[in-house]
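Biologist: Please take one part of this protein and go through it closely, in words a first-year student can follow. I would like to see how that part connects to the rest of the chain.

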Amino acid sequence: MTDRLIRLMRIITLVQARPGILARELAERCGTSERTIYRDMDALSAMHIPITHQGRGRGYTFIGHFAMYPLGLTEDEVQALFKLLSVLEDIKPMLPEEFESAYEKVLAAVYKQTAEKAEFQAGDRDEFSPNL
């Protein structure tokens, strides 16, 4: 059940990030079959997630202005983002002008997520430590 829930959230994130993504691409990215993706789409629809198939070869998208905040990044994903910093200056001429500001916003969100997680964990430790 947990694997399916994680896959459903991944599908939502992928459709949001790449409107028009095909079932074949979703299956590849999620490490499953296209048939499983079709069953997952039925499950998302049953949960009233406004996702729709645009027709053969045109993929999936959301109806209206539906959007979700992405789930927290894994530690490996965070490390991958920070590794990009080391090559950013070299590839900057190949990137759109707006990439740098978008990347900075992502890093700022990562920092905020990390700080909130550390604060939450510190609160848990304080709650369970004896008063001396």
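Modeller: What follows is a close look at Asp40 and its surroundings, with the rest of the protein for context.

The model is predicted. It has 5 helices and 2 strands, and along the sequence they follow the pattern α-α-α-β-β-α-α. Of the 132 residues in the protein, 23% are buried. Among contacts with a separation of 6 or more, 48% are between residues 24 or more positions apart. The protein exposes about 10,000 Å², and carbon and sulfur atoms supply 57% of that area.

Now to Asp40. Its side chain forms a salt bridge with that of Arg4, with 3.0 Å from N to O. Arg4 belongs to helix H1 (residues 2-17) and Asp40 to helix H3 (residues 34-46), so this pair ties together parts that lie 36 residues apart in sequence. Asp40 also forms a salt bridge with Arg7, where the closest N and O atoms are 2.5 Å apart. This second pair again links distant parts of the chain, since Arg7 is in helix H1 and Asp40 in helix H3, 33 residues apart. Taken together, Arg4, Arg7 and Asp40 are linked in a network of salt bridges.

How buried or exposed are these residues? Asp40 has a relative accessible area of 1%, and because the cut-off for buried is under 20%, Asp40 counts as buried. Arg7 is buried as well. Arg4 has a relative accessible area of 33%, so Arg4 falls between the limits of 20% and 50% and is partly exposed.

The count for the protein comes to 5 salt bridges. Another of them joins the side chains of Glu25 and Arg18, at 3.2 Å from N to O. Arg18 is partly exposed, with 37% relative accessibility.

Nonpolar residues also bring H1 and H3 into contact. Ile11 touches Asp40, and also Leu26, Cys30, Ile37, Met41 and Leu44, leaving aside residues up to four places away in sequence. Nonpolar side chains in soluble globular proteins tend to be buried together. The largest nonpolar core here has 18 residues, and those that touch the most other members are Ile11, Val15, Leu26, Ile37, Met41 and Leu44. At least two residues of this core come from each of H1, helix H2 (23-30), H3 and strand E2 (60-62). H1 gives the largest share, 6 residues. Apart from this core lies another, of 6 residues, including Val78, Leu81, Tyr103 and Leu107.

Two of those residues, Val78 and Leu81, are in H4, where they are buried along with Leu88. H4 runs over residues 75-91, and at 1.5 Å a residue its 17 residues should span 24 Å, which agrees with the 24 Å between its end C-alpha atoms. H4 also has a kink of about 40°, centred on Leu85.

One more residue belongs in this account. His48 lies in the loop between H3 and strand E1 (51-53). Its phi is near 65°, a positive value in a residue other than glycine. Most residues other than glycine have a negative phi. His48 has 69% relative accessibility, so it counts as exposed.

To return to the starting point, Asp40 is a buried residue of 1% relative accessible area, joined with Arg4 and Arg7 in a network of salt bridges.

Key:
Residues numbered from 1 in each chain as written. Predicted model: local features only at pLDDT ≥ 70, side-chain atom pairs only at ≥ 80, totals over all residues. Heavy atoms only, no water. Helix = DSSP H or I, 4+ residues; strand = E, 2+ residues; numbered from the N terminus. Expected span 1.5 Å × (residues − 1). Bend = angle between axes of the 7 residues up to and from the residue. Buried < 20%, exposed > 50% of the residue type's maximum accessible area, 1.4 Å probe, protein only. Salt bridge = Lys/Arg side-chain N within 4 Å of Asp/Glu carboxyl O. Contact = heavy atoms within 4.5 Å. Areas by Shrake-Rupley, 256 points an atom, 1.4 Å probe, with all protein chains shown as cover. Core = buried A, V, L, I, M, F, W, Y, C linked by side-chain atoms within 4.5 Å.
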